[in-house]
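Okay, my turn. Let me put the chain up on the screen, and then we'll go through contacts, overall form and empty space.

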Amino acid sequence: ALNNSLTVGATAATPITLTTVTGPSSGSANLTINTAGVVAVGGAVGTNVGTLTITNSGGTTFSGTVAATTVTLSNTTGSIVFNDALTATTLNTAAQGYNVELNGSTGTITNAVTFSNTGALALGASGGTLTFNGGLTATAPSASTLKGTITSSNDAMSFGPITLGANTTLNTVATTNVADLSIGAVTGATYNLTLRTGAVSGAEITGTSTSGVGTLTITNSGGTTFSGAVSAGSLTITDSAASTAVTFNGDLTLTTGMTVSAGTAAYNVAINGTTNTIAGATTFANTGTLALGNGSDTINFTGGVVATAPSAVTVNGTVTAAGTGVITLGDSNTAVTIGGTSTIGGTSTGQITTGAIALNNSLTVGATAATPITLTTVTGPSSGSANLTINTAGAVTVGGAVGTNVGTLTITNSGGTTFSGT
């Protein structure tokens, strides 16, 4: 029982074993540990403990709950481990090469936390929740292993490279645009990852790459951008703020499938990677725009793709399907703009259907397979011209007018082609 402050250890390599530590009945007292030996604290630390300081140790493990106004981690050899809930107003970590583990299923840090230690960082427990009410920055650690739910309360969270140790949710609970979420490269180890800020424009999610993730879920963001390759079993996009975009600028590889929900607002989706493969049949239910490619890209929807809900579809590359997968891009309410030289069609014998096509560059529909094709109107660019080529062994129906700056119309092959309009 601390009626006054206590230092245990005096720099020597002294092993230390403590049980419970409590502060005075009124006021507070501090506990400092300073040894080159191993430290084990078996019971709870708390009740009017002011500052808990680990000046040095040969490794420290807290097995019970720890509650203090301030927790300061200065240095250690090996790891400083909290195996139960850590509750503190302030958590300070010095820039030394030790590891930090917060393994409790609960825990709350009130003020903003910067993990400055350059060893490893482990946060959370499977199914648990850690709350960093002031947000957190964890870019200095050499690696971070995350489990459970890690949340702030309308404050930014920033991570360097991440390894998932269990299914993980990162949530900044944004109510304003300050609560961004930034993550480095994610190694999934087959676990699921959910990313959430809040459907507040400007509360953005930014990531580099993912590999080995089971299901990647992006929900309620103020815009999301991945700069590198994203690989997962499946991808689920549930919502984003109106007019914001969920964008993949690196290759997107999904071995099971992709689900894009309507959400509560008209958000946009863009797939800009060079080579993208999306298993299963994909339906884009978002009501903002859809961009497929941004120049010479290939997007292979192996089970087909349907995109009639978006307000507009842009194709700039090659969109393919396999087997009997259909390609449906646009309808009477959704036009398709060809932004760069593009191809719609692959090895699939499933139907290709488009809404009104605006050719800003040349387009080939079909890729020699026996694919039925149904088009409506086709117009060229406002200046210059662009070409339309049809190449399929299936039947072709063009229901509307073809013209206005269409340069060359080529039927390379078809199973019969009918133009119903001018």
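So, contacts, meaning heavy atoms within 4.5 Å: of those in the protein chain with a separation of 6 or more, 27% link residues 24 or more positions apart. Bear in mind that this is a predicted model, where local features need pLDDT of at least 70, side-chain atom pairs count only at pLDDT 80 or more, and totals for chains, interfaces and linings use all residues. Numbering runs from 1 along each chain as its sequence is written, and side-chain values use heavy atoms, with hydrogens and water left out.

Next, the fold. We have 48 strands and 0 helices, counted as DSSP runs from the N terminus (strands E, at least two residues; helices H or I, at least four). The radius of gyration is 28 Å, well over the 22 Å that the globule rule gives for 422 residues, so the chain is more spread out than a compact globule. That's over C-alpha atoms, with the rule being 2.2 Å times the number of residues to the power 0.38. Along the principal axes, the C-alpha trace spans about 95 × 35 × 30 Å.

How much of the chain is buried? Buried residues, under 20% relative accessible area with a 1.4 Å probe, protein chains only, make up 50% of the 422.

Last thing, empty space. There's 1 cavity of 30 Å³ or more, a cavity being a set of points on a 1 Å grid over the protein atoms alone where a 1.4 Å probe fits but cannot get out. The largest has a volume of about 40 Å³, that is, the space filled by probe spheres set on points joined across faces, edges and corners. Its lining, residues with an atom within 4 Å of a point, includes L86, L102 and F132. β13 (107-109) and β16 (129-132) are the elements giving two or more residues to that lining.

Definitions and conventions: On a 1 Å grid over the protein atoms alone, a cavity is a set of points where a 1.4 Å probe fits but cannot get out, and a pocket is an open set with protein on both sides within 12 Å along at least five of seven lines; lining residues have an atom within 4 Å of a point.
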